[in-house]
Amino acid sequence: MGQTNGVDASAVTRVQTLRKQLQAASYDYYVLDAPTLPDEVYDRLYRELQDLEAAHPDLVTPDSPTQRVGEQPATQFTSVRHRIPLYSLENAFDLAEFRAWEDRWRRQAPETGAVDYVAELKIDGSAIALTYEHGLLVRGATRGDGVSGEDITQNLRTIRSIPLRLNTDNPPPVVEVRGEAFLPLDVFHQINAERVANGDALFANPRNAAAGTLRQLDSRIVAARKLDFFAYTIHFDPVEAVSMKSAPPQRNTQWAALEFLKTLGFRVNPNRQLCQSAQDVQAYYDEWATRRTQLSYLTDGVVVKLNDFALQQRLGFTQKFPRWAVALKYPAEEVPTVLESVSFQVGRTGAVTPVAELRPVQLAGSTVARATLHNADRLAELDIHRGDTVIVRKAGEIIPEVVRVLGELRPAGAERIAMPTHCPQCGSPLVRPDDGAVTRCLNSSCPAIVQGAIIHWARRDALDIEGLGEKWVKQLVEQGLVQSVADLYSLTEQDLEPLDRMGKRLAQKLVDAIAASKARPWASVLYALGLRHVGTVNAKTLAQHFPSAEAIAAAHVDQIETVHTIGPEIAQSVALWFQVPANQTLIERLRQAGLQLVAAETEFPPADSGPLTGKTLVLTGTLPTLTRPEATAIIEAAGGKVTSSISKATDYLVAGEKAGSKLTKAEGLGIAILSEADLLALVGQG
């Protein structure tokens, strides 16, 4: 082995490699908000670098990732300096490492006897610092590099669990509240469902979705995403603290501070616990290892803090972490399997997504045979080859994804997988914008695009064409019977009968179902058209403000943008869609076919009518006879509003079988629980 200044040359090379990898990952995560390295991989590399630097102190440099909190923040927002550094936490990956952390802080304060710990669930979101002056929210900032962050006050003001003014008549002159902004799981699922419908790339997990949302320049997009917030600590102005003769109780302990935050109007995680020993911490950690799957948000560990603020102050900080707190992480479930091939799916907007076809394997309670590879960048980064052994996990415990490739197990002569240059469905050249991550087929006649558009058109929350499933749509497209959704309305029984396993009876039922879809309201038609970024909620909002296809087609992008919750990106998408001649032809053909392109008087009842006027309801579980869209329609027809998340503003929870965490949360908040029968009775349909 070679030597460099007395240090093993291989150690020098490895340290340099690790720094480059970690710095690149840190830039992607903190600056671009586009993480490319899973947390567990980053943590493993980081700790390897720590160990090497500990063994070879001469290799430590000021620019090492171990010597600072993170990279510089992005520049799209104003950079602001934190009054108190917003440190990240040291990680412990098992209870033995937690004990080692406890031993370290005790060596710093050897005279300390028995202590209390506060154990809180570690929310998988984005750390936020909120500054209040005389009770008024004046600034909200991201963590950034821990010293400076980005001013995103306008976005944070849209989060309803963040008070704009503190709930006290005697607020401190200056106070800073810190916590975690996150995306509830049901909202995350809803956003991804809409992205699937729009042909957009999925968010890998709620944390990425929350981070991306907070950096939206249009605060209306942030408001529509329904982020939430848990407060977890409070800092008072140091000058004011010195001037006070004695500290009030809330400044003595972490537990008291959390209780004080509740009185100020903040959401504080209810699943915290005051622990009197390390054994209590272990019991809390073990309990939530399984219970966390029942929560309405993701948590990836437990944050343990010394309860006594005076002891916290004595222990202070390292260059990167507070000595008085640690994050006790849960292991992410990962399994190895073999990549058999990669398929390339073409969505209805032409987006091409690489999908790993895997040797089936059990993962997090289910059999996984396919996993997303996201896009061309991710495919290239993994350097994936046919026959590779890959590590798979569920991103955010939801979407199976390939985490990494075990290159040392690669078969000899294995074929490298790359994105195709031409559409796998129609052979047209694929296009990828210079500033985009998505590769697309732009051929509107591509069978995959046509097939996807018709499947979307027939969805239950769109035109609700019963019986028109993927199997029949594929045959209709392959045999050239439909090249547009408008072609559906000229189909006859004679056209359909020859289809494989169709027959006369099914053909008649399908023709009748297509004809019945003509009665679907204007809002459903607008959603079914498949405009990018227009889901069911936005379609309903747009249809209410533009009660006909003619009205919305004539609207300027500025007019569309003035509609509440409709941001510039959505407005631009809508305006451009109606300017395309082929789309204008489609609208005319649908009009001639008899579809509802004008809102009926009963489609949007006055706000002051109906037994549920002014009431907010949430649906959960499986109802005995009603589908989710049917129950929603009944509630809205009665003047009520349906939202996806439980909060103090919720008036009723309509619960069916397998209600899950929403039911538990509603019971905890004292919200009235309705059965399907209760709902129907309430609206006069019992």
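Good morning. I begin with one polar contact: a polar atom in the side chain of Glu180 lies 3.2 Å from the backbone nitrogen of Ser126. Please keep in mind throughout that this is a predicted model.

Where is Glu180 found? Its place is in strand β9, residues 174-182. Glu180 is buried, yet it has no salt bridge. Arg143 is the nearest side chain of opposite charge, and it is 5.5 Å away. A salt bridge requires a distance within 4 Å, so this pair does not qualify. Setting aside neighbours within four places in sequence, Glu180 is in contact with Ile123, Gly125, Ser126 and Ala127, and also with Asp228, Phe229, Phe230 and Tyr232.

Let us now turn to the partner strand. β9 and β10 run antiparallel and are joined by 8 bridges. Within this pairing, Glu176 stands opposite His235 in β10. Strand β10 covers residues 228-236, and 7 of its 9 residues are buried, so it is largely enclosed by the rest of the structure.

I come next to the nonpolar interior. As background, in soluble globular proteins nonpolar side chains tend to be buried together. In this model, the largest nonpolar core has 56 residues. Which residues have the most contacts inside it? They are Trp457, Ile465, Leu468 and Leu488. Leu468, taken as an example, touches Ile454, Ala458, Val473, Leu476, Leu488 and Leu510, when residues up to four places away in sequence are not counted. There is also a second, separate core of 36 residues, which includes Leu137, Ile152, Ala181 and Phe188.

A helix offers a further example of packing. In α18, which spans residues 536-545, the buried residues are Asn538, Ala539, Thr541, Leu542 and Ala543. The buried residues of this helix pack against α17 (522-528), α19 (549-554), α20 (557-561) and α21 (568-579).

Finally, I would draw your attention to two histidines in loops. His134 lies between β6 (126-133) and β7 (136-142). Although His134 is not a glycine, it has a positive phi of about 50 degrees. Is His134 buried or exposed? Its relative accessibility is 56%, and the threshold is over 50%, so His134 counts as exposed.

The other residue, His374, sits in the loop between β16 (366-372) and α12 (376-382). His374 also has a positive phi, near 70 degrees, and is likewise a residue other than glycine. With a relative accessible area of 23%, His374 is partly exposed.

Thank you for your attention.

Terms used
Residues numbered from 1 in each chain as written. Predicted model: local features only at pLDDT ≥ 70, side-chain atom pairs only at ≥ 80, totals over all residues. Heavy atoms only, no water. Helix = DSSP H or I, 4+ residues; strand = E, 2+ residues; numbered from the N terminus. Buried < 20%, exposed > 50% of the residue type's maximum accessible area, 1.4 Å probe, protein only. Lys, Arg positive; Asp, Glu negative; His and termini not counted. Polar contact = N/O pair within 3.5 Å; in protein donor to acceptor, adjacent residues only side chain to side chain. Contact = heavy atoms within 4.5 Å. Core = buried A, V, L, I, M, F, W, Y, C linked by side-chain atoms within 4.5 Å. Pairing = 2+ DSSP bridges.
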